[in-house]
Structures are given as C-alpha cells and as structure tokens.
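Here's a quick tour of a two-chain model, written for someone who'd rather look at numbers than adjectives. Have a look at the structure first.

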Number of protein chains: 2
Amino acid sequence: MPNALIPLADGVEEMEAVILIDVLRRAEWDVVSVGLREGPVTASRGVRLLPDKKWSEVNPDDFDWIILPGGAPGAQKLIADDRVAYALQRHARAGKRLAAVCAAPTVLHAAGVIGGRAITSHPSVAQRLGDARRSNERVVVDGPLVTSQGPGTCFDFALAIVAQEAGDEKARRLAEAMIWSYQPTANT
Amino acid sequence: MPNALIPLADGVEEMEAVILIDVLRRAEWDVVSVGLREGPVTASRGVRLLPDKKWSEVNPDDFDWIILPGGAPGAQKLIADDRVAYALQRHARAGKRLAAVCAAPTVLHAAGVIGGRAITSHPSVAQRLGDARRSNERVVVDGPLVTSQGPGTCFDFALAIVAQEAGDEKARRLAEAMIWSYQPTANT
C-alpha cells in the first residue's frame, strides 16, 4: 500500500489533519504524522495532537506522498521551515505526489513546486498564490498535485487521494462506511 | 455561550471527536474534552489526542450539553463506565441536552436516557438500540436529544447542535468559512 508523510505544525487545522490521517488509514495506507518539533501539537482550535514521530526521525524521500493539512498559522510554520521546503522540492523533482488543502497550497507555492499545474485553496488565501492557476473546484487533481479548499472538502480530498492509488470503487466503499456520498474527481 | 462536555475514550472515532470540538469552538462554545483516564487517548485509527482534562477534574452538572463521539470500541468503553451513565442520567432528568453520533447512541440506550424520542445512529449498530425509534435521517433532533450517523454526517451534526442554540444563520456562516453547505435539520 502507499505511504504518506503528514507534517503537523502548531496551528494546523485539526479537522483537516485528522480526516486525512483517518481516511487514508481506513484505506490501509501507512500514514506517518510528523511534528516539526518535539511534543504535542496544539492545533488551530486548541485540540492537542501527539504526532507519530518527529521530523528528525523520518526520511521524507521514503514516502510516496507528502500531504499538507491547512490552518493559516500551521501553514505559516510549514513555510518558515526549510526542511519542509527542501522535502517538497526533492519530492517534486522525483515526480512524486504532493497534496495540500485550505491554506497549505501557499506552502507549495512558497516552495516553488506548483509549476504550471492547476490548484485550488481556501478562498481566503487566493491572493497569496502568486500566478498559480487557481480553480474554484472543491478538489483539483492535476498530474502529481492534489489540492482542496477546506475542512468541509476534506472527505472528498482524502477520497480523491485514495482513488488516485486504488480507484473509484475503493473510495466509494470507504465513503459508504463513513456515511459519505463519494463523487469522483476528474483529473484536470 | 453554551458549554459542552465531550468524553473521550480509547477507540473513539477521531474525526467525529475533532469535528465536534472544532466546529463548536468556531461557534465560540466553551468545549471541554475529558479523558476517562489519565494521559493521551488513542483513537480508532491511531490518532493520539490529549484531552483538556480528566473526568475527575470536571463536574458534568456544570455543562449545558454532553456530546458523545462514536467509534465502536470507544462507545463500549463509555458504556462500561458507570460515571458516564450516571452523568447522562442526571443530565436527562434535569431536561438538559444530550447528543451522540455513530455508535454512541448505544451509550444513550444503555444509560436508559432515550425514552420515547426518535434517534438515529450508524446503520451497523441499529440492532443494538433495543426498542428505540431509529430514523434513517443523517441528523435527528427530538427534544433534548440530537443524534447522527457517522464521520461523514458530523459537519451537519455539529452545525445542527450550533443551530439549536444560535439559529440557522449562525450555522450557515460557520459552514461557509469551512467550505460546507449548511442544510437546516427540522425538529422531529
């Protein structure tokens, strides 16, 4: 099964982080949440999460996907961390998959890994994406990039990521058990 | 603003717990997550959450709402804890609000606090609700009880709880910021 690295910084949107981790584990992915520093992460609405590992304990090159949950303050901390930018750049150069939701597409932009791909984001950060081609779809899949808009689009976002690896039928079965109606996302 | 007690046991469905805490805090509720024992809670898909307090540090009578996230193993632990049953019974006798999602309506049933009210639950636990009147709606509001079906109905569930206290317009504004489409839940 695929594996995914999910960096968690203080101020991460906790619904986005947890929906991604949970849905991908339901799909039997090997998901590793990683704190940028030692200890619990205090998310945007005060939920405290204990990451699986800290950044220094993983090699980002070992992962098929790097997936960034949003939350404006969390995204700022990801942008400020050179280790994250370097990992995203190595991943992009290797043609591997990157995904980001809500404010986190600004992290992809800051790392210079969007290229000419279409993306989406939370509408509130649209102005911080430079010349990126921003679509208003809930989820956008363009080549190696999968992006989405916010907490309320995270089930669709996580299931679109599942479907990229295992197809629509698997995503549909997972959705049903979660009482969710799966809508396939067309590749841009 | 209203306050809510959210008990967290090992095996709780982490998406349900976190969506409830986060959305109610966005609505400016005072939300206290409470572990049944000391230390971090390991949720159903391995996410580790640090509760705000432990059970012995709160008085459930001080809260307007007690809200139960699901997850089958977490719900079993809530059922097995007499302190939880006692708190639910005192709350029900006082006419205060109770809410539960997914497998957690079985906790309301085991505590004997459903009475003749209509409820819903995850379809997989429908047989464990005795003679309760189970509806197949995504969210059911009947008097003091609000119930719902699973992770994928938790945005609607949390927003229905917000709307009970602050009306549809507030729920609609919160939904918009989360990129969610709010649908009011009619009282049964």
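What follows covers the symmetry of the pair and then the make-up of a single chain.

## How the copies relate

Keep in mind that this is a predicted model. In general, any two copies of a chain are related by a rotation about an axis plus a shift along it. Here, chain B lands on chain A after a turn of 180° with 0.0 Å of shift along the axis, and the RMSD is 0.0 Å. The two copies are therefore related as by a two-fold rotation axis.

If you want to find that axis on screen, head for B:L49: its C-alpha is the nearest to the axis in chain B, at 2.4 Å. Both copies use the same surface to meet, with 100% of chain B's contact residues recurring in chain A.

## Fold and shape of chain A

Chain A is built from 5 helices and 11 strands. Its radius of gyration is 15 Å, close to the 16 Å that the globule rule gives for 188 residues, so chain A is as compact as a globular protein of that length. Measuring tape out: the C-alpha trace spans about 40 × 35 × 30 Å along its principal axes.

As for contacts within chain A, take those between residues at least 6 apart in sequence: 65% of them join residues at least 24 apart.

## Surface and charge

How much of chain A is buried? Buried residues account for 59% of its 188 residues. The accessible surface of chain A is about 7,100 Å², and carbon and sulfur atoms contribute 46% of that.

On the charge side, chain A carries 21 positive and 23 negative side chains. The centres of these two sets sit 3 Å apart.

Conventions. Residues numbered from 1 in each chain as written. Chains lettered and ligands numbered in written order. Predicted model: local features only at pLDDT ≥ 70, side-chain atom pairs only at ≥ 80, totals over all residues. Heavy atoms only, no water. Least-squares fit on C-alpha atoms with pLDDT ≥ 70 in both. Contact = heavy atoms within 4.5 Å. Helix = DSSP H or I, 4+ residues; strand = E, 2+ residues; numbered from the N terminus. Rg over C-alpha atoms; globule rule 2.2 N^0.38 Å. Buried < 20%, exposed > 50% of the residue type's maximum accessible area, 1.4 Å probe, protein only. Areas by Shrake-Rupley, 256 points an atom, 1.4 Å probe, with all protein chains shown as cover. Lys, Arg positive; Asp, Glu negative; His and termini not counted. Charge placed at Lys NZ, Arg CZ, Asp CG, Glu CD.
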